[in-house]
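The following exercises concern the fold and the nonpolar core of a protein. Each task is followed by a worked solution.

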Number of protein chains: 2
Amino acid sequence: MSGNAVIGQSGGPTVVINQSLVGVIEKLREVGGVDKILGAHHAVAGIKKSDFIDLTDVPQDKLERIALTPAAALGSSRDKPDAEYCKKICEVFEQNNVRYFFYIGGNDSSDTCRIVNETAQKTGYDLVAYHVPKTIDNDLVRNDHTPGYPSAAKFVAQAFMGDDRDNAALPGIKINVVMGRHAGFLTAASVLARQKDGMGPHLIYVPEVGFDEERFCADIEEVMTKRGRCLVAVSEGIHDDEGTPMATKMAKTVEKDAHGNVQLSGSGALGDFLANLVKTKLGAKRVRADTFGYLQRSFAGLASEVDQAEARQAGQAAVEHAMKGEHPHGSIAIERVSDSPYQSRCVRIEISDVAAQTKTLDKKYVLDGRDIDPSFKDYLLPLVGSIPTNESF
Amino acid sequence: MSGNAVIGQSGGPTVVINQSLVGVIEKLREVGGVDKILGAHHAVAGIKKSDFIDLTDVPQDKLERIALTPAAALGSSRDKPDAEYCKKICEVFEQNNVRYFFYIGGNDSSDTCRIVNETAQKTGYDLVAYHVPKTIDNDLVRNDHTPGYPSAAKFVAQAFMGDDRDNAALPGIKINVVMGRHAGFLTAASVLARQKDGMGPHLIYVPEVGFDEERFCADIEEVMTKRGRCLVAVSEGIHDDEGTPMATKMAKTVEKDAHGNVQLSGSGALGDFLANLVKTKLGAKRVRADTFGYLQRSFAGLASEVDQAEARQAGQAAVEHAMKGEHPHGSIAIERVSDSPYQSRCVRIEISDVAAQTKTLDKKYVLDGRDIDPSFKDYLLPLVGSIPTNESF
């Protein structure tokens, strides 16, 4: 099928989403058969306005530098296209003779990909649409893990490693708020900092279980009695037993995006709320809270090498499957082949298998609603690769 | 002079303060003449209780792992000893035949070192006391820069590099609060992220100049009009023209440490206050704030190599000068010898030259109260060493 290809990057940035972009571009060049390679400037929002960046002849050395740069080089968008929006996208595709659409994003983005493809099919326009997985939340079903997660997990692990030694040096209660709306994978990565007996985090709270303020304070009191200090990892998505996010309960005004998601990041409110709660209930003196914020998803120069390679391969695999012509659409998933040595492969799955679904932490990893099982390290360490080793007297 | 040596680590941790500790230990072993090498567990607080860790025979391979571990391995303290406290310290020193005291810390800590030494002199007890510089704030006078600062600056630079690309991908107003009570050196390090025209941070506010809310909002509006996005670096120590910290003005309760310092870190309050201010005054929609918090001073695995080497050398130099026997006390300062290739040396200065004084950013670096001059990069880059390069289409 002759025509042009459009690539888009959607949703929250990661430090390896540009690896996937470059993977798509270089495989398209290698396979051939596409006239122009167009980048959608700010994802669907750009497509709607025919705002494209011509990537056909970008030199390989520039692409390699782009691959190592954090966040979506094409620009991203939080738009959630409805039927009308998708019709407009298909019109623009037809005007520009776009026959291949590669959309790099999370589950909201895979859903967008699906709707655009269905809209094209309805109007009888031949379009091949492939979703390339990406999310630091690691919450895509059918994926052993998602590109972006291992690097974000590495950041969280090394942040907790440092902060645990900081907390040991100047003892007190320290609460760190980690990204993760529905899934606790990123917060659970903090367990990698627990390298010797007594090292923190001493408590880990994830959104997979209901959060109780009284229990939270009692847990901290127990650790303080035992160790004289307490390092706590809390997911930003913690909620009560009815599912109401703590962040919503305490925020004066609640901001929502186009997908109906409440704003959790970009504010220190939840951390400060929890610190004040502990100060008040326990009468504790030295209580501090840090919110890791956007650094988790975009910090430059700290990517996991496995993550970089897999993100590139996922982009390449999407092109391979698209060009085979067997299916008009699909998504790429990462499967783990072996642990030692670590090996993975990219496979094609149906978009409907991954769209608008959320994977959460397996119950076996969530201990007593306040900790993560050490076996989670076996899952995570091969993805994160080498991390430093903390020593103590 | 025969006897034992005590080493202490004081104040806020850094990622290279253990390099200085190891530098002191290994030079003491090399030079000889000291019976026992004792680590003060939690600095002066430990000394007062005769709480020592025997470091005399710790194997070198363990010391090398300690050197690479963030934060004070001996434990730190925020205590500011008064006359009575110092008398107690001297008594403990006498009981333990301690003749050499090495204290690694910032300007509050050098002052402690001075008082302990004076107290010993008054009672006629022979004691050699040396201060080893350390602070991520980079605010010690007579030092070109201080151990700990280059690594923290590297963290801040790479954080802004990623966050700038994040902000370009999903445009809006983003405010990042950086550590620095009186000096803007660490906030100024964000300028390293500005690698290509248009890259942020677009505005940088340091405590060297008075902060005005109206002006702040007008500055952001100007950048938004020009670029459609705005990345802002704000020092936690910003204050009004009368010197009242913004953090104090908005906090309901103000927490102070033993040195009379108001708590600035470990809370997202200032960032959230500024974000709400901008939202309200400009009617801006997407406004986010992150507070980098303790990660800046303790993040594992991201130290500057120059910083690691100089912190080690500073510890070694303190021992060399102490053992010469020419002065009963002193402090070590880092002097820059040349820029290209970068070279530095450690020199002895008087404790009174550095104690209880604060160095701030040279006026030539502070542009119009809202930016940092590009020439600051010439000062900083040799210290930080290699950082990644961001690319854009």
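A contact is counted when heavy atoms lie within 4.5 Å. The model examined here is predicted.

**Exercise 1.** Determine what share of the contacts in chain A between residues at least 6 apart in sequence joins residues at least 24 apart.

*Solution.* Step 1: retain the contacts in chain A whose partners are at least 6 apart in sequence. Step 2: among these, 77% join residues at least 24 apart.

**Exercise 2.** Assess the compactness of chain A from its radius of gyration.

*Solution.* Step 1: list the secondary structure of chain A, namely 14 helices and 13 strands. Step 2: compare the radius of gyration, 22 Å, with the 21 Å that the globule rule gives for 393 residues; the two are close, so chain A is as compact as a globular protein of that length. Step 3: add the extent along the principal axes, where the C-alpha atoms fill a box of roughly 70 × 45 × 35 Å. Step 4: include burial, since 62% of the 393 residues of chain A count as buried.

**Exercise 3.** Identify the residues with the most contacts inside the largest nonpolar core, and the elements that contribute to it.

*Solution.* Step 1: the core has 82 residues, and Phe376(A), Leu380(A), Phe376(B) and Leu380(B) have the most contacts inside it. Step 2: the elements giving two or more residues to this core include helix H6 (149-169) and helix H14 (376-384) of chain A, together with helix H6 (149-169) and helix H14 (376-384) of chain B. Step 3: leaving aside residues up to four places away in sequence, Phe376(A) touches, among others, Tyr149(A), Phe185(A) and Leu361(A).

Definitions and conventions
Residues numbered from 1 in each chain as written. Chains lettered and ligands numbered in written order. Predicted model: local features only at pLDDT ≥ 70, side-chain atom pairs only at ≥ 80, totals over all residues. Heavy atoms only, no water. Helix = DSSP H or I, 4+ residues; strand = E, 2+ residues; numbered from the N terminus. Rg over C-alpha atoms; globule rule 2.2 N^0.38 Å. Buried < 20%, exposed > 50% of the residue type's maximum accessible area, 1.4 Å probe, protein only. Core = buried A, V, L, I, M, F, W, Y, C linked by side-chain atoms within 4.5 Å.
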